[in-house]
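Please consider the backbone and the interior of the protein shown here. The explanation below takes up its unusual peptide geometry and its internal space in turn.

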Amino acid sequence: MQRRYHQPRRSLTRGGAVPLHPQVEAARARRQRDRVPPLYTLSLAEARAADLASIQAGGGAVIDVREVLDETVPGPDGPVPIRRYRPVAGDRLPTLVYFFGGGWTLGNLDTSDGICRALAASAGCQVIAVGYRLAPEAKFPAAVYDCLAAVEWVAANPDAAGADPRRLAVGGDSAGGNLAAAVTLLAAERGGPPLVGQLLVYPNTEYGSQTASMRDNADPLLFNRTSVDWYWSHYLADPADGAHPLASPLRAPDLAGLPPALVITAEYDPLRDEAEAYAHRLREAGVPVTLSRYEGMVHGFFAMAGDLDSGRVAQDQAAAQLVAWFSAPA
């Protein structure tokens, strides 16, 4: 398993405790100055609006791509919105199906717009974002099966999707990374669709995780362990559901035969240890894995390419990995 560590620590310290990259310190200071409340203290409607506004503010300049198409595909409980980003002309492009983050509770197709544009433009591939149902209106496993339905539709309808079904990958950040891992497990269990890779950006991989990173990251100005608990409380109808591998991929009994993975983590993220544990489980099962921990970074940095240089570096790494997966011999 390849392991990479990015952005050597040029950090400040907060009260002599947790060091952060200076750009993260600056972002944290702005939140403190502006008295930005944690999302988990807001109503759902307020949290959804604030989350999207924050992502759009930190995402940087909008990257142009040749074509952006809003469509729907059949889902298990009605139509599922998708958005196709096509950077070049072509009938069947290599395709990444992408699931946005937001704790299964926040987010929509606009949440991942910046990420999808960046990956499509840099990798020269089609990126299809999936507007899966959110909790608590639709509890686990609704989002998983919406995402799977979108992947299956792309694979079964290559002309309508403009996709090459032989060059199909899945990916997502945070809860979207969790959904990508779950879809990969389901696809393997069902014998398809075949996937050439899985892009997992600081994914949730275990409900009730009691890791060191979960204990240590409690800063209310940043994504923290209370945030994690708040999202899970909306997603699961019953805490017992958290033991299911489609909710907690780390608990899957067998990971052998899954497609290659790029797992990206942030040093100061409560999800760091469980995401890295999943990378190690994949490696032990014989799956090719690249694990990249970005030092000095916090949860959400992948979507903050406008404010954090490491966000752009990580997006470029993801795009390069997509090119490698799509270029590999079938």
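The paragraphs that follow describe cis peptide bonds, positive phi angles and an internal cavity in this predicted model.

Two peptide bonds that precede proline deserve attention. The bond from alanine 135 to proline 136 is cis, with omega near 5 degrees. Proline 136 lies in the loop that runs between strand E7 (126–130) and helix H4 (142–156). Glycine 192 and proline 193 are likewise joined by a cis peptide bond, for which omega is about 5 degrees. In this case the loop holding proline 193 lies between helix H6 (175–190) and strand E9 (197–201).

The next topic is positive phi at residues other than glycine. Tyrosine 202 has a positive phi of about 30 degrees although it is not a glycine. This tyrosine 202 is placed in the loop between E9 and helix H7 (212–216). Tyrosine 202 counts as buried because its relative accessibility is 2%, below the 20% cut-off. Serine 174, also not a glycine, has a positive phi of about 60 degrees and is found in the loop between strand E8 (163–173) and H6. With a relative accessibility of 7%, serine 174 is buried as well.

Serine 174 leads to the interior, since Ser174 is one of the residues that line the largest cavity. Across the whole structure, a search finds one cavity of 30 Å³ or more. The volume of the largest cavity is about 40 Å³. Besides Ser174, its lining comprises Gly103, Trp104, Ala175, Asn204, Phe223, Val228 and Tyr231. By residue class, this lining divides into five nonpolar, three polar and no charged residues.

Note on methods
Residues numbered from 1 in each chain as written. Predicted model: local features only at pLDDT ≥ 70, side-chain atom pairs only at ≥ 80, totals over all residues. Heavy atoms only, no water. 1 Å grid on protein atoms, 1.4 Å probe; cavity = no way out; pocket = protein on both sides within 12 Å on 5 of 7 lines; lining within 4 Å. Points joined across faces, edges and corners; volume = space filled by probe spheres on them. Nonpolar A, V, L, I, M, F, W, Y, C, P; charged D, E, K, R; others polar. Helix = DSSP H or I, 4+ residues; strand = E, 2+ residues; numbered from the N terminus. Buried < 20%, exposed > 50% of the residue type's maximum accessible area, 1.4 Å probe, protein only.
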